[in-house]
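Q: Please take a close look at one part of this model, a pocket and what surrounds it. I would like the details in one connected account.

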Amino acid sequence: MEKTANETAALFDLKPHPFDGWFAPVLTDKPGLTRFHYLSKAGEYAAWHRTTGPILLTHIDGAPLTLTTSENGVTARNQLLKPGASSSGTIEAGVWRTWETLGLWTLLIVSTEKAAYFLDWDLAPDNWYPG
């Protein structure tokens, strides 16, 4: 039987994220590397935001997920993250991004080489979309 979103959140001790989804830090022994488990449930989406450094999203369980990015705030590009060869997406510094599960839930690892990149971000206004 497949895990539910709530069972997955409990398994990884995920807490509500300040503006979207569920998250918890992943312990690593590599200096500077910062990782979080991030869970997106059906009906939730990541608010449009951007960071001052690059991040890597890696699909690790659950349904495929659509990652939408905008380098210029005008045009948007979609990328499907799913198990296998299409499991990761890199988002460069300053690029707007959002994501949404295509099923009941998706579990990601969000990684960056400097913790400061997670702390220095901009959140787009409610209902913003490139265009």
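Which element supplies the largest share of the lining of the second largest pocket?

A: Strand S9 supplies the largest share of that lining, three residues. The model is predicted, so local features need pLDDT of at least 70, side-chain atom pairs count only at pLDDT 80 or more, and totals for chains, interfaces and linings use all residues. Residues are numbered from 1 along each chain as its sequence is written, and side-chain values use heavy atoms, with hydrogens and water left out.

The volume of the second largest pocket is about 250 Å³. Tyr-45, Ala-47, Trp-48, Thr-98 and Trp-128 are the closest to its centre among the 17 residues that line it. Two elements, strand S6 (65-70) and S9, give two or more residues each to this lining. By residue class, the lining has ten nonpolar, five polar and two charged members. A pocket here is an open set of points on a 1 Å grid over the protein atoms alone, where a 1.4 Å probe fits, with protein on both sides within 12 Å along at least five of seven lines; lining residues have an atom within 4 Å of a point. Its volume is the space filled by probe spheres set on the points, which are joined across faces, edges and corners. Ala, Val, Leu, Ile, Met, Phe, Trp, Tyr, Cys and Pro count as nonpolar, Asp, Glu, Lys and Arg as charged, and the others, Gly among them, as polar. Strands (E, at least two residues) and helices (H or I, at least four) are DSSP runs numbered from the N terminus.

The largest pocket gives a point of comparison. Its volume is about 370 Å³, and 18 residues line it, with His-17, Phe-19, Phe-23, Phe-36 and Phe-118 nearest its centre. S9 appears in this lining too: S3, S4, S9 and helix H2 (116-119) each supply at least two residues. Here S3 gives the most, with three residues. The lining of the largest pocket consists of twelve nonpolar, four polar and two charged residues.

Aromatic residues connect S9 to other parts of the chain. The whole structure holds five aromatic pairs. In one of them, Tyr-38 and Trp-99 meet edge-to-face, at 5.4 Å centre to centre and 90 degrees between the planes. Tyr-38 belongs to strand S3 (residues 34-41) and Trp-99 to strand S9 (residues 96-101), so this pair joins distant parts of the chain, 61 residues apart. Both Tyr-38 and Trp-99 are buried. For ring pairs, the centres of Phe, Tyr or Trp (its six-membered ring) lie within 6.5 Å; planes under 30 degrees apart are stacked, over 60 edge-to-face and the rest tilted. Buried means under 20% relative accessible area, exposed over 50%, partly exposed in between (1.4 Å probe, protein chains only).

A further edge-to-face pair is formed by two residues of the second largest pocket's lining, Trp-48 and Trp-128; their rings are 5.2 Å apart centre to centre, with 85 degrees between the planes. This pair also spans distant parts of the chain: Trp-48 is in the loop between S3 and strand S4 (49-51), and Trp-128 is 80 residues away, in the segment after strand S11 (121-123). Trp-48 is buried because its relative accessible area is 7%, whereas Trp-128, at 24%, is partly exposed. Trp-48 and Trp-128 belong to a cluster linked by ring pairs, together with Trp-96 and Tyr-129.

S6, the other element named for the lining of the second largest pocket, holds Thr-69. Thr-69 has a relative accessibility of 11% and therefore counts as buried. Leaving out residues up to four places away in sequence, Thr-69 touches Trp-48, Thr-75, Ala-76, Arg-77, Ile-91, Val-95, Trp-96 and Arg-97, where contact means heavy atoms within 4.5 Å. S6 pairs with strand S7 (residues 77-81) in the antiparallel sense, over five bridges; pairing requires at least two DSSP bridges. Thr-68 stands opposite Asn-78 in S7. The two strands S6 and S7 make a hairpin with six residues between them, and Gly-73 in the turn has a positive phi of about 75 degrees.

S3, which carries Tyr-38, belongs to an open antiparallel sheet of six strands in the order S1-S2-S3-S10-S5-S8. Strand S1 (15-16) and strand S8 (88-91) are at the edges with a single partner strand each, so one side of each lacks a neighbour in the sheet. S3 and strand S10 (residues 105-112) run antiparallel and are joined by eight bridges, with Tyr-38 opposite Leu-108 in S10.
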